[in-house]
Number of protein chains: 2
Amino acid sequence: MNYNPTMNNSEALVVFSGGQDSTTCLYWAKAHFNEVRALTFIYGQKHVKEVECARSIADKAGVRLDVMEVPLIGSLARNSLTDSTLPMDRQQHGTDVPNTFVPGRNLFFLSIAAVRARELGINHIVAGVSQTDFSGYPDCRDAFIKSLNVTLDLAMDSQFVLHTPLMWLDKAETWRLADTLGVMDIVRNETLTCYNGIIGDGCGDCPACRLRREGLEKYLEEKYGKER
Amino acid sequence: MNYNPTMNNSEALVVFSGGQDSTTCLYWAKAHFNEVRALTFIYGQKHVKEVECARSIADKAGVRLDVMEVPLIGSLARNSLTDSTLPMDRQQHGTDVPNTFVPGRNLFFLSIAAVRARELGINHIVAGVSQTDFSGYPDCRDAFIKSLNVTLDLAMDSQFVLHTPLMWLDKAETWRLADTLGVMDIVRNETLTCYNGIIGDGCGDCPACRLRREGLEKYLEEKYGKER
């Protein structure tokens, strides 16, 4: 384990779902690290198509992808992403966490990624979480990620660095980052963000699609002006 | 979720392996909470006899036990507790973590327990970790537990209370606690701590047995004097 991790000459492990955010992070990692690996989880989500997307994008990016089955995460607590008998909350109700929240999901994803990274001698872990458009999920907030970073270091006597390049970007700014990285087309056409499992622009109607589309429209308007 | 957890009139979830430490914690919890539940993990350890022990002790204590399979934990990284091709470190080598360390084990156990507790409306979680005789395992230290407590609260927007009644006790003091709780015989004869899978006083030779026996001898000497 390297106790003085630098970014140059280093390897990073990206927690990768094949969605807009983690695909942008995958290319961000490729731009910042010498070597990049990716890790995808199968956790009982309804849309295993996500995994096909992840494989295809990782192939194209020349990144080695490990796929890990963790059915436990979907089964621990009732939620509408892994339980098709539960109708999906379309928006947040007051201060309640929406029922698309899979409790502990990012906690488990990042903890598993850290154990894997330690085995591989990797300090740097990259995840596409964002507090800006966090949809009421507590495990997307910056304070959680920082607390988890300390917890992981203490748990394994290691020095991990959790990178969250999208933490303070809204969706329009995330589109801008993809554009800057030269992967606007890949992110727009080949990623899967939609809760209803439709690749690219998606169903257009679920909360994830609306967030994605509004961000894209805002970014394109800023880039080309209203008269594009 | 109760945001002002008290101990009276409360329920606790005990992370329970059927060993000396967690059995002492189970009875400690019974003495301090109105209701107690327990959670045992099957994670690829060589000695599934542990689980039989756990069931039998929980039955006798009148505590409802859930058993959860998490093979992932044993498979993430190579260690001598789940991989029988790897000879077990008999003692700590310098500052290295011994190869009986299962990386992330307590991190996953306590995180899973927290998600389960949240589903059950339970704030209090009890675990038998101890920094005093921690055998070089970083995830038994107090700073890790406290950091994890904050991380879990942030991850799920909850207020968990991680109780570790053995944290600052050495093995002799843990025997004293069992005695005070009136369960000296149960802990001595029915728990499984031994790395070689032998119930009660164990093989007498592995690191866990030596620690347990030395603690017992010290406690009995303190209680009855040298001439017992």
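**Fold, sheet and aromatic pairs of the predicted model**

In chain A, residues 24 or more positions apart in sequence account for 71% of the contacts with a separation of 6 or more. The structure described here is a predicted model, and the values given below were computed from it. Chain A contains 8 helices and 5 strands, and, read from the N terminus, its elements follow one another in the order β-α-β-α-β-α-α-β-α-β-α-α-α. Of the 228 residues of this chain, 56% count as buried, while the accessible surface of chain A amounts to about 9800 Å², with 46% of that area belonging to carbon and sulfur atoms.

The arrangement of strands is described here for chain B, in which 5 strands form an open sheet with parallel pairing, in the order β3-β2-β1-β4-β5. Strands β3 (64-69) and β5 (161-163) of chain B stand at the edges of the sheet and have a single partner strand each, so that one side of each is left without a neighbour in the sheet. From one strand to the next, the twist averages 25 degrees. Within the sheet of chain B, strand β2 (residues 35-42) runs parallel to β3(B) and is joined to β3(B) by 6 bridges; as regards individual residues, B:Leu39 has B:Asp66 in β3(B) as its bridge partner.

Across β2 and β3 of chain B lies helix α2 (residues 49-61) of chain B, which runs at about 160 degrees to β3(B). This helix of chain B includes B:Ser56, a residue whose relative accessible area of 39% makes it partly exposed, since the partly exposed class covers values between 20% and 50%. Although B:Ser56 and B:Thr191 are separated by 135 residues in sequence, the distance between them in space is 9.6 Å, taken from C-alpha to C-alpha.

Attention then turns to the aromatic side chains. A pair of aromatic rings is described by the distance of the centres and the angle of the planes. Over all chains, the count comes to 6 aromatic pairs. One of these is formed by A:Tyr43 and A:Phe109, which are arranged edge-to-face, with 5.4 Å from centre to centre and 70 degrees between the planes. Because A:Tyr43 lies in the loop between β2 (35-42) and α2 (49-61) of chain A, whereas A:Phe109 belongs to helix α4 (residues 105-120) of chain A, this pair ties together parts that are 66 residues apart in sequence. Both residues fall in the buried class, A:Tyr43 with a relative accessible area of 4% and A:Phe109 with one of 9%.

In chain B, the rings of B:Phe41 and B:Phe109 have centres 4.5 Å apart and planes at 5 degrees, and the pair is therefore stacked. Since B:Phe41 is situated in strand β2 of chain B and B:Phe109 in helix α4 (residues 105-120) of chain B, the pair ties together parts that are 68 residues apart in sequence. B:Phe41, at 5% relative accessibility, counts as buried, and B:Phe109 is likewise buried, with a relative accessible area of 10%. In chain A, ring pairs further link A:Phe41, A:Tyr43 and A:Phe109 into a cluster.

Key. Residues numbered from 1 in each chain as written. Chains lettered and ligands numbered in written order. Predicted model: local features only at pLDDT ≥ 70, side-chain atom pairs only at ≥ 80, totals over all residues. Heavy atoms only, no water. Pairing = 2+ DSSP bridges. Helix = DSSP H or I, 4+ residues; strand = E, 2+ residues; numbered from the N terminus. Axes fitted to C-alpha atoms, helices over the stretch in contact; angles between N-to-C directions. Contact = heavy atoms within 4.5 Å. Buried < 20%, exposed > 50% of the residue type's maximum accessible area, 1.4 Å probe, protein only. Phe/Tyr/Trp six-rings, centres within 6.5 Å; stacked < 30°, edge-to-face > 60°. Areas by Shrake-Rupley, 256 points an atom, 1.4 Å probe, with all protein chains shown as cover.
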